[in-house]
Amino acid sequence: RGRRVGYEYSRVPPWPSGMSRLPVLMLWATNAVALRAWPAAGFPARSDSRSRLSFGSVEYRQGDKTFVASLERNVEQHGSSRFSRLALRPVLTSHLRNSRFVVVLCSEIPPIMNARPDSRASRVLDSPNWPKSWPYSERDLQPMDRLPDWTFYLLPRFVHHVDDAARRALQRVYEALFASRAVDAPCLDICSSWTSHYPEKLDPARRVVALGLNAFELMANPSQTEWRVRDLNADPTLPFEDEAFEFVTCALSIDYMRRPAELLAEVQRVLRPGGLAVFSFSNRCFVTKVVKLWIESYPSDVEHVWVVGSYFHFTQGFDSPVCVDVSPGSRSDPLYVVMAAKSQP
């Protein structure tokens, strides 16, 4: 994201006649690899710290024909940045004669196998047309019910907020994300309750902090290794040291947050560089408790994706947000995940 790296094809088959542009190719890295940005043109022949790694083959299609190219990559090791999804486009789009490409990196975010990439919601953040300044008024961020949140959660609510299929879809997202990092990467689940929707079998060494409104719910959460009661609408600060977590998750609750700019700044602070903030939501909610923009100014699912993406955009220190639509289908609750990585220094 914003970085470009030089690649070369080897043993490229003849360029098919009548095909003027190379389709976008999506490659899924089998191993996370550290990359350092190179200029888009020139690809300097430096030899320091460079290693050549085999990358297997790539298919591209024209009509009913499939062409296969073997790809090798020259990369420079640099820090511990991880990149899993690579989108290739050619420097010269008319042919493959010089076999060189610009690589557009989608950093830090691994493939989500149950995603629906062709849905409208998943493409909203590709060209979001952000305004120049924060677009929300104080009224936009107020709920109909002005009573403190602790009164709403005075008694535990052991209920599910989306159906079984949507909950399983979210769990599969977490499985993919957690598998891309160390097995003991610490997690913070904000606005948590009696379930975090995390994978069932987490490494015992992994620190999982559940932060929510009701102590009884948090104690019943099977994923947590520690818990804390916190009303983030009353006090959006997070009681943790800087760069303490690899993941910060927020499931089905961002629509209730009245001070999102302050909260996202805190999320950015407690994340490690390259760490992921993962915010999921549906169209199911307690209508009297969500902020008004969610049901008045921006009422559709697509607009909700844009709103959550804007929270990240207007928070300094995050890479560009992306949306993953993992809605199970028309007979289930929709589910969207907007996430962004903390920018690397």
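## Talking through a predicted model

Tutor: Before we start, keep in mind that this is a predicted model. By the distance rule for cysteine sulfurs, the count of disulfides comes to zero.

Student: Okay, then is Cys187 buried or exposed?

Tutor: The cut-off for buried is under 20% relative accessible area. Cys187 has a relative accessible area of 0%, so Cys187 is buried.

Student: And which class does Cys285 fall in?

Tutor: Partly exposed covers what lies between the 20% and 50% cut-offs. Cys285 has 27% relative accessibility, so Cys285 counts as partly exposed.

Student: Let's do the sheet. Which strands are at its edges?

Tutor: Follow the order of this open sheet of seven strands: E9-E8-E7-E10-E11-E13-E12, with mixed pairing. An edge strand here pairs on one side only. That gives E9 and E12 (322-325).

Student: In which sense do E8 and E9 pair, and over how many bridges?

Tutor: Look at residues 208-212 for E8 and 226-229 for E9. Gly212 stands opposite Val229 in E9, and together with helix H4 (residues 215-220) the two strands make a right-handed β-α-β unit. Their pairing is in the parallel sense, over four bridges.

Student: What is the bridge partner of Thr249 in E11?

Tutor: E10 and E11 (residues 271-281) run parallel and are joined by six bridges. For Thr249, the partner in E11 is Val278.

Student: Now the inside. Which element gives the largest share of the largest nonpolar core?

Tutor: That core has 44 residues, and Leu188, Ile190, Leu238, Val267 and Phe279 touch the most other members. Several elements supply at least two residues each, including E7 (187-192), H5 and H6 (292-297). The largest share is seven residues, and it comes from H7.

Student: Where does H7 lie, and at about what angle to E13?

Tutor: H7 spans residues 301-313 and lies across E11, E12 and E13 (336-341). Relative to E13, H7 runs at about 20 degrees.

Student: Last one: why does Arg258 count as buried?

Tutor: First, find Arg258 in the loop between strand E10 (245-251) and helix H5 (260-270). Arg258 touches residues beyond four places away in sequence, among them Leu141, Asp145, Asp149 and Lys289. Buried means under 20% relative accessible area. Arg258 counts as buried because its relative accessibility is 16%.

Methods. Residues are numbered from 1 along each chain as its sequence is written. This is a predicted model: local features need pLDDT of at least 70, side-chain atom pairs count only at pLDDT 80 or more; totals for chains, interfaces and linings use all residues. Side-chain values use heavy atoms; hydrogens and water are left out. Buried means under 20% relative accessible area, exposed over 50%, partly exposed in between (1.4 Å probe, protein chains only). Contact means heavy atoms within 4.5 Å. Two strands pair if DSSP finds at least two bridges between them. A crossover is right-handed if, with the strands pointing away from the viewer, the path from the first strand over the helix to the second runs clockwise. Axes are lines fitted to C-alpha atoms, for helices over the stretch in contact, and angles run from 0 to 180 degrees between N-to-C directions. A disulfide is a pair of cysteine sulfur atoms within 2.5 Å. A nonpolar core is a set of buried Ala, Val, Leu, Ile, Met, Phe, Trp, Tyr and Cys residues joined through side-chain atoms within 4.5 Å.
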